[in-house]
Every structure is written in C-alpha cells, then in structure tokens.
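Subject: Handover of a structure for your review

Dear colleague,

Please find the structure below, followed by an account of what was found in it. I would be grateful if you could read the two side by side.

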Amino acid sequence: MSRAEGDVAARPTLAAVARAAGVSASTASLAFSGAGPVSDETRTRVLAAAAELGYGGPDPRARSLRRGRSGIVGAVLEDTLSNAFRDPINVAMLDGIADVTGPADNSLLLLTENEGEHSRLLDAPLDAAVLFGCSTRLDESVEAVRRRGIPLVSIEAKPMEGVLDIGEDNVGASELLARHLHDLGHRRVAVVALELGPTRWVGPLTDERVALGTSWPTLERLRGTRRVYPDVGGLVTYGSWTSEGHRAGLQLLDVPEHERPTAIIAQSDLLASGVIAAAAELGLSVPRDLSVVGYDGVRLDDPRAADLTTVVQPAVEKGRAAGRAVLALLAGEPAVGTTFTSVFRAGSTTAPPAR
C-alpha cells in the first residue's frame, strides 16, 4: 500500500470523534455545525476530541451529495481576472454577491469567458451562475449555462429569455451627463467608449461599428448620449482602464484647436482619469480648456480627477440584488429583475467652453 493510500485509510472520521468524546455521531455533527441544541460543555469536548485525532470537520463533498447541490455560485467575467480586478466596479459587484450568498452557505467561484472551447462553464460544479453583462460574448455564456439547466442571473445585460437581469439605467444616466454638458454650452463633444465587441477592436466610434456591437452597457450609454448629441463620435477602447483613457485622450486632443472637442464623455471614471492625464500632458487645463465627465462614482487616485463630474452607480447593491435573486431561484421561489438608477454628481471637471 502506498503512503498516499495509507494516509487516506488513516484519516479520522466523525464516528471516531464521537466515540472519543463519548457522544452519538449525530451530537458530534451538531457540535461541528453549531446548528443544534448542544451544550457548551459537550461542544468543547467534541472539538477537543477532534483536535486530538486530527479531524478537521465533515467532508464537504459528502455534504454536497446529501444536499444534491455543490454550494457553489459561479460569477462569470469576460476578461482575465487580473484585468477584471482593475475595474473597481467589478470588485464592488462581487462584494455584493458574496455579502448575500456567503451567509447562505454558498461559495463564490470566479470564472472567465476567455477559455474557448474548454470553458469551465460547461463542467464546473455550479448550482447557479451570475453573468456580468459588460461581456462582449454574453450570448455564448448564456447558451452554455442554459444547456446545464441551472438558474441564471445577469447584471446589466440585454433582455434575454430565461435570464433574470439586474439592470442599470445606463441610458438615463448617460443622458444626464450629456445634458449637463449641453446646458453648459458644449457642442463639439466626443465619446471615449468602453469595449464594444464582438472582437477586441479599437478605433473610431462609427455607426457601422456600433451596429456590430455586443457590449450592452457600452451601447446603452452611447444611446443615452445620442439623445442629446445625435451625431456624436469618438473612440472605442479595450475597456475600463486608465491607460486606455490616456491613449484615447491623446488621440482626440493632440489635434489643431479648431478640431479639438471642448468636452469628452468617458464611459467610465477610469477612462475619464486617463483623459484628464492626457490633457495635462498636452498642456490643456481641465475644465478651462476641456470639460470631462465619467461614469461610476469610484474613488480615483489621480488628484486631478478626484473631483470628477460623474454619475454614481450602486455597484454593491446591484451585486446584492443578484445574490438575492440567485437564492430565490435556488429555493424555487418567485424572483424578479430590478433596475437601479445612478445619481448625478457635479464636480470640478466641467465648465462652459472657453470663448
């Protein structure tokens, strides 16, 4: 017999702990779970016996078999985790999901959509999945989860049959930002857009590219902006990173003055921060020479962007709502989607255009 086999054979069991503590197996189980009427003295005795035998607790795999569930909720992000965690909105929504699903005895498994044909969505031991709607490959993920027949919740996704969505009024919030700039007198305006999809393409924000777009928040925020500026153009980026805002800002601003926009609508605060850094690099003052607005309401490290004009979205609450929807669906209870509204926050990065 190998050493590994010997280790498995010698692994202590709950029954052994119960015998050592002089209690029944059911009492020992309740002592570990903390869910039953077990006295403090008995619980202490059981835990002491477990420590002496080296028993770490009930096998979670056996518990999953008894429940018929894995106790795992999948959170599906499009990009690599390192890139996803660069966006504080993703982190806040994950916090919200965990706030609700964790106390209900569920673990959160982070999955990405960049695994091609070997996506873990096809075989990961999930009870339910939460999809982040900013994905440009959402249809593929929805199809993979549907084949498994498990509950499916999305955050900020386009309406899809059989998917309960936790929405954000991207159209209304973006219109507020655009209306603010229009009321200040800005007419030469450009957009720095989030990733548009379906491929990781960057370049001018044209009607042809918009027609092919698959990222719902990007499209909805643009739709809100175009309610005020119907023909607005700009640039598409790789995503919500300060470096992408900086790259786009240099391209839009390093032009003759009569071609330069007097205001830029960035579709995230991180993109806005990058635009402001690019303006400073080119010797432009914000808001004297350029007004900039963002979207999200996150804390920015660059002091030049700390008082950004933006809209504040309730990212943690969106995550909590998704968590509550997952628990309701798992319990077979009615669950309905909801739409959150962002709040306009005026900062010091906008002003009337210079004459």
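**Overall composition**

Of the 355 residues in the protein chain, 49% are buried. Please note that this is a predicted model. The protein chain comprises 14 helices and 13 strands. When contacts between residues at least 6 apart in sequence are considered, 71% of them join residues at least 24 apart.

**Strands S3, S4, S5 and S12**

Strand S4 (residues 152-155) is covered on both faces. Leu-152 and Ser-154 are buried on one side, and Val-153 and Ile-155 are buried on the other.

Strand S3 (residues 128-132) is joined to S4 by four bridges, and the two run parallel. Within this pairing, Phe-132 stands opposite Ile-155 in S4. S4 is also joined to strand S5 (residues 164-168), here by three bridges and again in a parallel arrangement. The bridge partner of Ile-155 in S5 is Ile-166. Ile-155 is thus matched with Phe-132 and with Ile-166.

S5 itself is mostly covered, with four of its five residues buried. S5 also pairs with strand S12 (residues 338-340) in the parallel sense, over three bridges. In that pairing, Gly-167 has Thr-339 of S12 as its bridge partner.

Phe-132 appears again in the surroundings of helix H7 (residues 88-101), the helix in which Asn-90 lies. Once neighbours within four places in sequence are left aside, Asn-90 is in contact with Leu-77, Ala-84 and Phe-132. Is Asn-90 buried or exposed? Asn-90 is buried, because its relative accessible area is 9%, which falls under the 20% cut-off.

**The five-stranded sheet**

An open sheet is built from five strands in the order S7-S8-S6-S9-S10, and its pairing is mixed. Its edge strands are S7 (203-204) and S10 (291-293), each of which pairs on one side only.

Inside this sheet, strand S6 (residues 189-193) and strand S9 (residues 263-266) run parallel and are joined by four bridges. One of the matched pairs is Val-189 with Ala-263, the latter in S9.

**Helices H12 and H13**

Helix H12 (residues 242-253) has 12 residues and spans 16 Å from its first C-alpha to its last, close to the 16 Å expected at 1.5 Å a residue. Its buried residues are Glu-244, Gly-245, Ala-248, Gly-249, Leu-252 and Leu-253. These lie on the same side of H12, because they cover an arc of only 140 degrees around the axis. The elements that cover the buried residues of H12 include S6, S8 (233-236), S9 and H13.

The residue Ala-278 belongs to helix H13 (residues 269-281). Ala-278 counts as buried because its relative accessible area is 0%. What does Ala-278 touch, not counting residues up to four places away in sequence? Ala-278 touches His-246, Gly-249 and Leu-250. His-246 and Ala-278 are 32 residues apart in sequence, yet their C-alpha atoms are 5.1 Å apart in space.

**Helix H4**

Helix H4 (residues 40-53) has 14 residues and reaches 20 Å between its first and last C-alpha atoms, close to the 20 Å expected at 1.5 Å a residue. Which residues of H4 are buried? They are Thr-42, Arg-43, Val-46, Ala-49 and Ala-50. The arc that they cover around the axis is only 130 degrees, so they lie on the same side of H4. On the other side of H4, the exposed residues are Asp-40, Glu-41, Thr-44, Ala-51 and Glu-52. Gly-54 follows H4 and has a positive phi, near 75 degrees.

**Aromatic rings and charges**

How many aromatic pairs does the structure hold? The number is zero. There are, however, charged ends placed over aromatic rings. The charged end of Arg-86 sits over the ring of Trp-241, at 4.3 Å from its centre. Likewise, the charged end of Arg-221 sits over the ring of Tyr-295, at 3.7 Å from its centre.

With kind regards

Technical notes: Residues are numbered from 1 along each chain as its sequence is written. This is a predicted model: local features need pLDDT of at least 70, side-chain atom pairs count only at pLDDT 80 or more; totals for chains, interfaces and linings use all residues. Side-chain values use heavy atoms; hydrogens and water are left out. The expected span of a helix is 1.5 Å times one less than its number of residues. Buried means under 20% relative accessible area, exposed over 50%, partly exposed in between (1.4 Å probe, protein chains only). The arc is that of the directions from the helix axis to the C-beta atoms. Two strands pair if DSSP finds at least two bridges between them. Rings of Phe, Tyr and Trp (its six-membered ring) pair if their centres lie within 6.5 Å; planes under 30 degrees apart count as stacked, over 60 as edge-to-face and the rest as tilted. A charge sits over a ring if NZ of Lys or CZ of Arg is within 6 Å of the ring centre and within 35 degrees of the ring normal. Contact means heavy atoms within 4.5 Å.
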